[in-house]
Amino acid sequence: MKHLLGLEGLSAAELTRLLDSAERFVGVGVGDVPKRDDLKGKVVVNLFYESSTRTRVSFGLAARRLGADVLDFSPGGSSTSKGETFIDTAKNIEAMGVDMVVVRHSSPGAPHVLAKHLLPHVRVINAGDGAHEHPTQGLLDIMTIRKRLGRVAGLTVGLVGDIAHSRVARSNIHGLKTLGAKVIVCGPTTLVPAEVSQLGVEVAHSLDEILPRCDVLNLLRIQFERQRSGLFPSIREYRLLFGMDSDRMQRAKSGVLLLAPGPINRGVEITPDVADGPSSAILDQVTNGLAVRMAVLSELAKVA
Ligand code: CP
């Protein structure tokens with residue numbers, strides 16, 4: 001694995017190796033636990049063409065805890081405003097001696113383009129490309145499931161909401177299915193593309209119908225910024241049909257684990273009491289994300 005461009009195509013052994021490695025990175029660099037030097041002498045750049053809180057901050061922290069120098073690039077205030085292309089920007093930053101590029105972009109396939117155009121020693125990590133993939137989010141979701149429920153194989157995981165615009169859904173589907181989970185995608189017909197069934201998932205349009213069957217519910221954010229208007233009648237109607245609340249918790253499978261990739265629209269996909277309640281692992285996901293990103297950076301730094 002020279003780059004991490006997506007979870008599609010990774011084997012169960014490769015996924016398990018990354019997840020096992022991530023578990024060993026939990027707590028590294030915190031308190032008395034020393035930092036490591038896996039990336040000593042390396043330069044990591046966060047090349048983020050879209051907004052981010054969790055992914056950007058945790059990649060930066062992960063790289064520093066592994067001994068790297070970290071650069072941060074945002075298009076705002078850069079020469080992108082003068083018309084410099086994506087590839088020219090990346091090549092110029094590469095020329096400063098960069099070893100690893102963590103890239104987020106609105107265009108699906110942008111990380112693949114960089115993997116093709118950058119020097120052979122440079123590693124590329126996809127931090128989210130359009131509605132295509134967000135592999136480290138998929139890994140941290142699966143790590144959280146594995147830590148909380150002790151396994152992945154044999155579980156039924158419901159991905160609820162805006163499947164059409166969700167790179168998180170695609171990375172979850174690839175990773176979870178490879179590791180032996182059953183995946184149900186559930187949302188309004190306008191937010192569940194017909195072709196998703198080709199990925200070997202069950203398609204549902206009623207959260208109430210799938211509630212008693214799911215061991216895990218991953219409540220995807222409605223991506224208002226990517227939507228044309230009119231994909232569902234109103235936020236109120238979406239909340240009534242697909243929002244997780246205390247009433248639905250009563251009807252969910254006993255011990256159900258709730259995930260949400262964040263940022264959450266409180267009161268839309270999930271009510272605040274449920275988001276902050278004992279079944280929710282939303283902040284555990286963020287903690288695990290740091291360990292996952294350390295594992296990915298460390299693994300790619302080892303590849304010749
Ligand atoms: N879940 C996620 O990718 O969050 P950010 O957009 O804040 O990085």
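In this predicted model, the ligand is surrounded by Ser-52, Thr-53, Arg-54, Thr-55, Arg-104, His-134, Gln-137, Pro-261 and Gly-262. Three of these neighbours are worth a closer look, beginning with Thr-53. A polar backbone atom of Thr-53 lies 2.7 Å from an oxygen atom of the ligand. Arg-104 takes part through its side chain, where an N or O atom is 2.8 Å from an oxygen atom of the ligand. At Gly-262 the backbone is again involved: one of its polar atoms is found 3.0 Å from a nitrogen atom of the ligand. The ligand taken alone exposes 260 Å², and the protein buries 91% of that.

Attention now turns to the sheet. Five strands form an open sheet in the order 7-6-5-8-9, and their pairing is parallel. Strand 7 (202-204) and strand 9 (257-259) are the edge strands, each pairing on one side only. From one strand to the next, the twist averages 20°.

Within this sheet, strand 5 (residues 156-160) runs parallel to strand 8 (residues 216-219), and the two are paired over four bridges. To find one such match in the structure, a reader can start at Val-160, whose bridge partner in strand 8 is Leu-219. Helix 5 (residues 135-149) packs on the sheet and touches strand 5, strand 8 and strand 9. The direction of helix 5 makes about 160° with that of strand 9.

Notes. Residues are numbered from 1 along each chain as its sequence is written. This is a predicted model: local features need pLDDT of at least 70, side-chain atom pairs count only at pLDDT 80 or more; totals for chains, interfaces and linings use all residues. Side-chain values use heavy atoms; hydrogens and water are left out. Two strands pair if DSSP finds at least two bridges between them. Axes are lines fitted to C-alpha atoms, for helices over the stretch in contact, and angles run from 0 to 180 degrees between N-to-C directions. Contact means heavy atoms within 4.5 Å. A residue is near a molecule or strand if one of its heavy atoms lies within 4 Å of it. A polar contact is a pair of N or O atoms within 3.5 Å; within protein, one must be able to donate a hydrogen and the other to accept it, and residues adjacent in sequence count only if both atoms are side-chain atoms. Accessible areas come from the Shrake-Rupley method with a 1.4 Å probe; for residues, only the protein chains shown count as cover.
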